[in-house]
Amino acid sequence: MMVSALGYVRLRMRDPSEWLRFGEEVLGFVGETADNGSVRLKMDAAPFRYLVEKGDEDRFLAAGWECGDQAQYEHCREALASAGALVGEGGDEDAEQRDVTQLAFAADPSGNAFEIYHGRTGGGGFASPIEGLEFLTDCMGMGHVVLPAQAFEATATFYRNLLGFGLSDELTLPPPAQDAPQQRLTFLHADNPRHHSLGLYNYPAPSGVGHVMAEVHSLDNVGFCLDRVKAAGHPIIATLGRHWNDGMVSFYLLAPGGIPMEVGYDGRQYPDWESFQPTRSSIADIWGHEYHFPS
Ligand SMILES: [Fe+2]
């Protein structure tokens, strides 16, 4: 096992200040704006978990995968380089912007850009501006991300073989329309107890990401967030429900710039992956999660 957790995500937004407001007022993050207009949002002691860069489009840019130490980082970097998937090395400015010691840029076989890094520094304490709100992060990282993977098998193999992700669950769902292929999702865990840090989906995602998940400490934290989402007028794209594979009770919303997000609680944790048997599933939800995608 090499990658330890999902450390951060990078977004590009035409108006990062909209994400700052959303992050602070709806999700309960703490934000800061840099001189160049980019926004960093904190949800725990890490320096940030969301980096929102100013640009000419609204989209998901990259997942930032944390490696436990320099040796693991070098191992991953070598594996990516030998597979021809390494895009470049991060410079001092890149490292400084992310508060990491070293980073490299890569892309998976479906074209999703990502970064690997080690040695995250700085950060300090965190107190949500929303009373009683806490996120489940620390060694489990910032949550999980589900990425579009049209080169489905190759992409799952890539993350497992080159970066050491482990298989948690393979989900097959009926086609979304007649003559369309079956929907396939692979859920992979990193070196932390979270059921999955990465999901892969065999359909495209217009914003560059299927969704990003943030986990909170209580069902009330989920419910209060749902109220704030509704009050702020953000579209709910899945009603409250509980997933079959990770047991998460959650809802989905469309964040600014069309980024789908899941806010959940009670996701399963596996402190000992050695004794875990990967599952195959054919239902996404035990109850709820009625999906309404805006046209
Ligand atoms: Fe999810």
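**Figure 1. Pairing of strands S6 and S7 in the predicted model.** Three bridges join S6 to strand S7 (residues 102-107), and the two strands run in the antiparallel sense. Within this pair, Gly88 is placed opposite Phe105 of S7. The structure shown here and in the following views is a predicted model.

**Figure 2. The eight-stranded open sheet.** The strand order is S2-S3-S4-S1-S5-S8-S7-S6, and the pairing is mixed. Strand S2 (30-33) and strand S6 (86-89) occupy the edges with a single partner strand each, so one side of each lacks a neighbour in the sheet. On average, neighbouring strands of this sheet are turned by 25 degrees against each other, direction ignored.

**Figure 3. Helices H2 and H4 on the eight-stranded sheet.** Helix H2 (residues 70-82) lies across five strands, namely strand S1 (3-13), strand S5 (59-67), S6, S7 and strand S8 (113-118). With respect to S8, H2 runs at about 150 degrees. Helix H4 (residues 152-163) also packs on this sheet, where H4 touches S1, S5, S7 and S8. The direction of H4 makes about 15 degrees with that of S8.

**Figure 4. Helix H1 and the residue that follows.** Helix H1 spans residues 16-27, and its buried residues include Pro16, Trp19, Leu20 and Phe22. Gly23, Val26 and Leu27 of H1 are buried as well. Just after H1, Gly28 adopts a positive phi of about 90 degrees.

**Figure 5. Contact between the two domains.** The domain assignment of the protein chain gives domain 1 (3-118) and domain 2 (138-288). The centres of domain 1 and domain 2, taken over C-alpha atoms, are separated by 19 Å. In the contact region, 36 residues of domain 1 meet 42 residues of domain 2. The size of an interface is often expressed as the accessible area lost when the parts come together. Between domain 1 and domain 2, about 3000 Å² is buried, with 70% of it on carbon and sulfur atoms.

**Figure 6. The ten-stranded open sheet.** This sheet of 10 strands follows the order S17-S10-S11-S12-S9-S13-S16-S15-S14-S18, with mixed pairing. Strand S17 (279-281) and strand S18 (285-288) stand at the edges; each has a single partner strand, so one side of each is left without a neighbour in the sheet. From one strand to the next, the twist averages 20 degrees.

**Figure 7. Strands S9 and S12, with helix H4.** S9 pairs with strand S12 (residues 198-201) in the parallel sense over four bridges. In this pair, Val145 stands opposite Leu198 of S12. H4 packs on the sheet through contacts with S9, strand S10 (166-173), strand S11 (183-189) and S12. The direction of H4 makes about 0 degrees with that of S11.

**Figure 8. The iron site.** The protein donors of the iron ion are NE2 of His144, NE2 of His211 and OE of Glu262, at 2.0 to 2.2 Å from the ion. Along the chain, these donors follow the spacing H-x66-H-x50-E. His144 belongs to strand S9 (residues 144-148) and His211 to strand S13 (residues 211-215), so the pair ties together parts that are 67 residues apart in sequence. His144 has 2% relative accessibility and therefore counts as buried. His211, at 10% relative accessibility, likewise counts as buried.

**Figure 9. Strand S15 and its neighbours S14 and S16.** Strand S15 (residues 249-255) is mostly covered, as seven of its seven residues are buried. In a regular strand, side chains alternate between the two faces of the sheet. On one side of S15, the buried residues are Val249, Phe251, Leu253 and Ala255, and on the other they are Ser250, Tyr252 and Leu254. Strand S14 (residues 236-243) runs antiparallel to S15 and is joined to it by four bridges, with Ala238 opposite Tyr252. S15 also pairs with strand S16 (residues 259-265) in the antiparallel sense, over seven bridges. There, Tyr252 stands opposite Glu262 of S16, and Glu262 is one of the protein donors of the iron ion.

**Figure 10. Hairpin turns and helix H5.** The hairpin of S14 and S15 has five residues between the strands, among which Gly247 takes a positive phi near 70 degrees. In the hairpin of S15 and S16, three residues lie between the strands, and Gly257 takes a positive phi near 80 degrees. Helix H5 (residues 219-232) lies across S14, S15 and S16 and runs at about 25 degrees to S15.

Key:
Residues are numbered from 1 along each chain as its sequence is written. Side-chain values use heavy atoms; hydrogens and water are left out. Two strands pair if DSSP finds at least two bridges between them. Axes are lines fitted to C-alpha atoms, for helices over the stretch in contact, and angles run from 0 to 180 degrees between N-to-C directions. Contact means heavy atoms within 4.5 Å. Donors are N, O and S atoms within 2.8 Å of the metal (3.2 Å for Na, K and Ca); water is not among the atoms, so sites may look incomplete. Buried means under 20% relative accessible area, exposed over 50%, partly exposed in between (1.4 Å probe, protein chains only). Domain bounds come from an automatic or database domain assignment. Buried area is the accessible area (1.4 Å probe) that two parts lose on being put together, summed over both.
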